[in-house]
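Colleague: Could you walk me through this one and tell me how the terms are applied?
Modeller: Happy to, with the picture in front of us.

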Amino acid sequence: MTTLNKEKLDSVTIRFVGDSGDGMQLTGNQFTSTSAMFGNDISTYPNFPAEIRAPQGTLAGVSGFQIRISSNQIHTPGDELDVLVAMNPAALKTNIADLKQNGFVFVNQDDFNPTNLAKAGYDKDADILTPLKAKYRVVEVPLSAMTVETLKDTNLTAKDKERCKNMFALGLMYFIYNRPSDVTEEWLRTKFKKKPELADANIKVLKAGYNFGDTIEIFQSTFEVPKAQIKPGTYRNITGNESTALGFVAASKIMNKDLFIGSYPITPATEILQELAKYKHFGVKTFQAEDEIAGIGSALGASFAGLLAITTTSGPGIALKSEFMNLAMITELPIVICDIQRGGPSTGLPTKTEQTDLLQVMFGRNGESPMPIVAARSPSDCFAAAIEACRIAVEHMTPVVFLSDTQIAIGSEPWLLPNLDALPKIKVEHHTDASTFQPYARNELLARPWAKPGTPGCEHTLGGLEKENITGKVNLSSGVHEEMTRIRAKKVENVARQLPATEIFGEKSGDLLILGWGSTYGSIRTTTEKLLSSGYKVGQVHLRHLNPMPNDLGAIAAKYKHVMIPELNSGQFNMLFRAKFLIDTKAVNQINTKPFNVSDLTRIAEEIIGGKR
Amino acid sequence: MNATQQLTKKDFIAEGDVKWCPGCGDYSILSSVQTVLPTLGIPKEEFVFISGIGCSSRFPYYMATYGFHTIHGRAPTVASGVKMANPKLSVWMVTGDGDGLSIGANHTMHMLRRNMDLKVMLFNNRIYGLTKGQYSPTSEQGKVTKTSLMGSIDAPLNPVSYAIASGATFVARTSAANPKHMQEVLNAAAAHKGTAFIEIFQNCNIFNDGAFAKYLNKETKDSENLVLEAGKPLLFNQDTLGIVLDTSGPSPELKVEEYKGDSSRFITHNPNADSTTMAYLIGQLGIEDPSFPTAMGIIRQVSRPTYDEVLYAQENEAKAKKGEGSLKELLYSGEIWTVGAEKNSPEPV
């Protein structure tokens, strides 16, 4: 064995791609855990097909997991790839364009055979690797053969042996990037607790991959991404959907109320329901309903009965839930509706990311139906955003929409765990005094009282018909309707009264404000940092509250010459912002299912500013 | 103070006017429910009435209990949510043939198969009343309405068959025109643990008047009503006729025979049978084939764990096994690691 130099790198972006059955998500997750625990900052972006197992070797079946590891604080999974690990020709074909010039591409040469070449749409005898060598560093590895050879003395079936090949790729990456393999070994032993022979086999292959790198002498050096300067504290790697679920459980504990979730599985929101199903001992009641409508209907029933109630879905489910969202609005019951946005319209692109449901949740109901909307901006931020959504729901007695999206939901990052005593407090009261009870009486925020069935003397009937203020009696007269419409609108506007001052990153005034919401946070933050370091007078505001918007937002925006609003849609928030504040904006829109590239945003920002520093 | 002992019918009558059409069958159902509830030994504040949309679904407004007039067809979802949130409540659902069997049939089926502990009253008037007279899923084929000028093409649905097929543990049929019978059925439903499904024949005197006349007319009521009693033979027409099971053909059939004193030949009604076969056959009498009388009473009543009961049993089991979950356990678990010497303080200060 040779001792290779370790070349230090600030940051590396790797993408593992293969068939959806090749275990690429698992491989990526392991590289992530190992790097996070090593001390890097990380950002990930899984990308997989809508089909569970598209035909093997085809372009449609390619599944990928991108991870960026860094010795600095990072906010995005990276624009370009430094390394591509491609398990077959289809994976190579669909991903090679994202690889940097002179980047590494590792291929499983055993799967670059005539059959797979043909499946990927190449001529079956084509030599697709040689032309790539002019632009990239191509490393051909006999992954399948080496894996099978490593396991020749085991009793595993040929298929089981072959399935360990992702561990060979992972082991090789661990060698090249100087990562220890113990985190993965421990994980394998836990995962295959009941099948130790599979744990042994996978670990054997993992080590074989590592040793292969050490032996073949194709590298002049290995690489090391040193630990990042990370804020001290205890961390946990978390996906957006996991942290959303934890946020809701935490909110229920904070307000000392059991949590009810009524939901129907839908990509990419399903994991929230699955995660919450683990928390029965926290008093969490998960109800897998017969459809989207029953999901929110049961949650609204639970809210009426006094629990903290939520429902989770994506855009197509919001369409189905909208009638119940309206009923929740007019009956003024607290409920949180989670929309984990995906590519639309219609069934659209179920596993891809977009921010295209904002106007749907804002306006997609009959009549005038104002509803607060909060948005999470990153995987770990979902925790705080979920708690905030619950706070607004119960303090203001209103349905609240929680917006996340595919990128946040399945992406992961290290999460600095919050101090428990620093979690927000939530005021929640149930009316119990029969002598003062009026179902539609109002407090100073215009919230009505929440009296649970079972409370003597507070019997009342809610419903979707228009009603009088204070008494809640059905009343369809024109004056009552106008009054109630205004009260319901004012009640939602009052949410903004309780909000803290809006945070601004960078310059508080100057040439350009970049205003965003949701999963564009990382790209916009990195863009802002780059612009600031180039000397531009730039600020970033990333909104938590989309409806109502913070009261100070107009005054903040007025302090910049330009306002740029990047969104992964055709300008939905841009429309709302302009309508509310009459401030001109530059909308930057992308609907190609991918996150913004920092380089694109930076270039556009510089164009808007006009090159002046 | 034991408030339940002092409850009277008046306690359940809401302030304000009842706004159904004069002569509507709904009035009788409302009155019967208000008569039965004070006798059940349940505090008034623990009753919740939940409805969908339609004439019948205005019901909660007329009850002085907790109530929720929800959206069309979706009452089972809200009622299920209320019951899961607080199993102590006595949750009653009011629906109709349109609300429960057309737009909301899906939810009705799932509520029944889950055996949520809910009392369900389906007012069947075989017409859409609130939208002023279109055919419903229980309207007879060929019915002429505003949307079926040449007669409706749809084959009608038998609510009782639907409920049995959906796994209902309690299925009964009664009539708004017979308060005494209706109150017996309501009492039995209240005592049942699980979804109690009651089809109530209810006359819409504006848009479908006389739909159930044959069960009331002096000349026909004896031959058209088969009043069920557990453990008793299926006899009707002043005990001159009865129902027998004929197994001589390729598939078992029910037949009418004269009763001459020997009851052993006639089917003894057993609503508690595990098998649904006889309940099906009895439930179809008179509805599918008008030459038979129609069964009135409890057609099926069996015992099965309720959804809400098992939900809480699992929760208690999880708590017993893992202990009550804490915020600290929630956050500080899984693969966690510490950077630097400074640790977060997971304990509330």
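**Domains, strands and a shared sheet**

Modeller: The centres of domain 1 and domain 3 of chain A, taken over C-alpha atoms, are 58 Å apart; domain bounds come from an automatic or database domain assignment. This is a predicted model, where local features need pLDDT of at least 70, side-chain atom pairs count only at pLDDT 80 or more, and totals for chains, interfaces and linings use all residues. Residues are numbered from 1 along each chain as its sequence is written, while chains are lettered from A and ligands numbered from 1 in the order in which they are written.

Colleague: Why is strand β2 (residues 11–19) of chain A called mostly covered?
Modeller: A residue is buried if 20 or more other C-beta atoms, placed from the backbone, lie within 10 Å of its own (exposed: 12 or fewer; partly exposed: in between). Eight of the nine residues in β2(A) are buried, so the strand is mostly covered.

Colleague: How do you know that β2(A) pairs with strand β4 (residues 62–70) of chain A?
Modeller: Strands are DSSP runs of E, at least two residues, numbered from the N terminus, and two strands pair if DSSP finds at least two bridges between them. Nine bridges join β2(A) to β4(A), so they pair, and they run antiparallel. Asp19(A) has Val62(A) as its bridge partner.

Colleague: And what makes β2(A) and strand β5 (residues 81–86) of chain A a pair?
Modeller: They share four bridges, in the parallel sense, with Val17(A) partnered by Ala86(A).

Colleague: What makes β17 (461–463) of chain A and β7 (225–227) of chain B edge strands?
Modeller: In the open sheet of nine strands, with mixed pairing, each of these two pairs on one side only.
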